[in-house]
Amino acid sequence: MQFHHHGYVSHDPRVLPAAQTGLDRPADLPDETDVLIVGSGPAGMLLAAQLSQFPGVTTRLIERREGRLVLGQADGIQPRSVETFQAFGFAERIVAEAYNIAYMNFWAPDPADPSRIIRTARTEDYALQISEFPHLIVNQARVLDYFAEAAAAGPARIAPDYGVEFLGLEVTGEGDHPVAVRLRHVSGDRAGEERTIRAKYVAGCDGARSRVRDAIGRVHVGGISAHAWGVMDVLVNTDFPDWRTKCAINSSAGNILHIPREGGYLSRMYIDLGEVAADDDHRVRQTPIEEIIARANAILHPYSIDVREVAWHSVYEVGHRVTDGFDDVTPGSDASPRVFLTGDACHTHSAKAGQGMNVSMQDGFNLGWKLGHVLTGLAEPDLLRTYSSERRPVAQQLIDFDKEWSALMARKPEEITDPQDLATYYLATAEFPSGFMTQYGASAVVAPDRHQDLATGYPIGKRFASVEVARVSDGNVVHLGHHARADGRWRIYAFADSAEAGQPSALSQWADWMAGPQSPVTVHTPADADPDAVFDVKAIYQQRYDEIEFPAVPEVFRPRSGPLGLTDWEKVFGAAPSAWHDSDIFDERGLSRDGVVVVVRPDQYVAGVFPLAATDELAAFFAGALRTVSSAGRPAY
């Protein structure tokens, strides 16, 4: 990581200097705020962590609980989420404490004795095949802790306001803070006190029973299937040989999805409770834990579990719902939204595909930088309309996938013609649950795909898949994508033509233009900001790192920033193999050897692919995405 560019640092470098709203942040909720986040779940806490990078924005987060979440219900962390954790600076630490899913095993009735189960397949987990990041299991509470730490360590110093309940809101359209929000203090000296505060924007991150959703008249569309599952986190002794391996278990007595958890001893079991009668009226939800454990033992025969402690348990009926809109804009209106829904407030489904927390976090990531851009004047309010248009199709895809996976998991043995088909489906659909299938369509922040053939491995609208490169300044092999932090900046990766650094080339001409008056850097970066405050521009040469002399690289890749005007030495890379590095990003990602520019959004999704010579197209793209700001008198580099 990089620090010291604002002067010598001897404390934890992850704690950034407080700035603007982070200085003397009021302990009590103010009467006005730019953004009010309702709910401290995965989407809300990620949103807070992202907005903490925008200290010019006043952000408050309210939560009805009196303190941090102690026992989270979600626990599956997909590779895309770990990739996101990397951007927020805590992937390595959470990986160290989590359970890493290396394999998934499948069990089915023994043909010789259908009352017994046998292992029918061992499969490597899909994360090992499609990502450098693992597939993890860790308590949701710990995920929230890490995001809370990132929010508190950001320049805006955001921390939740606990013990505050959301009652309702009205979008009045009046003044600079047109959303009037009614709240009630539910703990502390002010318990019972009601008040109204005003906000520019409200984000409803308040779960499946969202009051924010009700307040803007949005409704869940969908229903509950006639099938119930018990779920329990347990500490047991057992003779089941795969207790510390993720398993899908099908038997004549029902089905279990078994997931080991962090810590080496705890495991979660989803136990099939069977079909629910039409007149049940949710009575199945009162199923006692003793009955759930008995059902688990029946399914596991000839193995058994001796439950020593139940950390948590519940019963649920599988529901699949998507809200009819993710913001408060009525269909056909050209208004910009003021209220947004994220996470379970706008999509609910079964827990067995491990998607709820993961998709919710991406909702928050998508919304956070857009709010930051609009509220700091980098973009017009219309940018916020892309939140719903991008995230609602993703939610629908999730519901469709979860319906199919849930149906497969709930089958009876006589309904299974091929005992390998669940394992086959698990691996064949890996890219979706991993979080890598999301692809946003063309918009103000996603360019058309007319130049996609120049970078076939970077599909426009999909997340930027990292590859190792060698840093020119020191020869270290690093993941190009891991260098990008969730700091609200755009990334512009300039992949060079074959000419050597320091020689006239297509890249050098592009670099000269990028340092000039028509460059997006000049047009969209505020006059008083560092030259790389909005755009992080990097060069990747085709040569080996030791064949490139850093001083010969164009200045646009060597910006000076901070009050000391220090040169950044970490924006130039070599792609060619070396003794420490045996891959070539040009080959791995299908990049044109004539050079290509790949633009990546602040939430890590590829926004556009452009030829080096297509500077007018690049300028036009950013002119549609960002506002022109005054940069008179600011030296570009």
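Two strands count as paired here if DSSP finds at least two bridges between them. By that yardstick, strand S11 (residues 194-204) of this predicted model pairs with strand S17 (residues 339-341), the two running parallel and joined by three bridges. Within this pairing, Gly204 sits opposite Leu341 of S17.

S11 has other partners too. Strand S1 (residues 32-38) lines up with S11 in the parallel sense, over six bridges, and here Ile37 has Ala203 as its bridge partner in S11. Strand S10 (residues 179-185) is also joined to S11 by six bridges, but this pair runs antiparallel. Arg184 is matched with Glu194 of S11.

Elsewhere, three strands make up an open sheet in the order S3-S7-S4, with antiparallel pairing. Strands S3 (76-77) and S4 (99-100) take the edge positions with a single partner strand each, so one side of each has no neighbour in the sheet. As for the contact between S4 and strand S7 (residues 136-137), two bridges hold this antiparallel pair together, and Asn100 finds its bridge partner in Leu136 of S7.

Now for the backbone oddities. Most peptide bonds are trans, and most residues other than glycine have a negative phi. The bond from His301 to Pro302 is cis, though, with omega near 20°. Pro302 belongs to the loop that links helix H7 (289-300) with strand S16 (305-323).

Positive phi values turn up at non-glycine residues as well. One of these is Arg157, with phi near 55°, in the loop between helix H5 (140-153) and strand S8 (160-162). Another is Gln604, whose phi is near 80°; this residue is part of the loop running between strand S26 (596-600) and strand S27 (606-610). How covered are these two side by side? Arg157 has a relative accessibility of 24% and so counts as partly exposed, whereas Gln604, with a relative accessible area of 11%, is buried, because the cut-off for buried is under 20%.

Finally, the surface carries a negative patch made up of Glu132, Glu468, Asp582 and Glu588. Of these, Glu468 can be placed in strand S19 (residues 468-471). Its relative accessibility is 33%, so Glu468 counts as partly exposed. That value also fits the patch itself, because patch residues need over 30% relative accessible area.

Notes: Residues are numbered from 1 along each chain as its sequence is written. This is a predicted model: local features need pLDDT of at least 70, side-chain atom pairs count only at pLDDT 80 or more; totals for chains, interfaces and linings use all residues. Side-chain values use heavy atoms; hydrogens and water are left out. Patches are made of residues with over 30% relative accessible area and no salt bridge: like charges are joined within 9 Å, nonpolar side chains (Val, Leu, Ile, Met, Phe, Trp, Tyr) within 5 Å. Accessible areas come from the Shrake-Rupley method with a 1.4 Å probe; for residues, only the protein chains shown count as cover. A salt bridge is a side-chain nitrogen of Lys or Arg within 4 Å of a carboxyl oxygen of Asp or Glu. Lys and Arg count as positive and Asp and Glu as negative; His and the chain ends are not counted. The place of a charge is taken as NZ of Lys, CZ of Arg, CG of Asp or CD of Glu. Helices (H or I, at least four residues) and strands (E, at least two) are DSSP runs, numbered from the N terminus. Buried means under 20% relative accessible area, exposed over 50%, partly exposed in between (1.4 Å probe, protein chains only).
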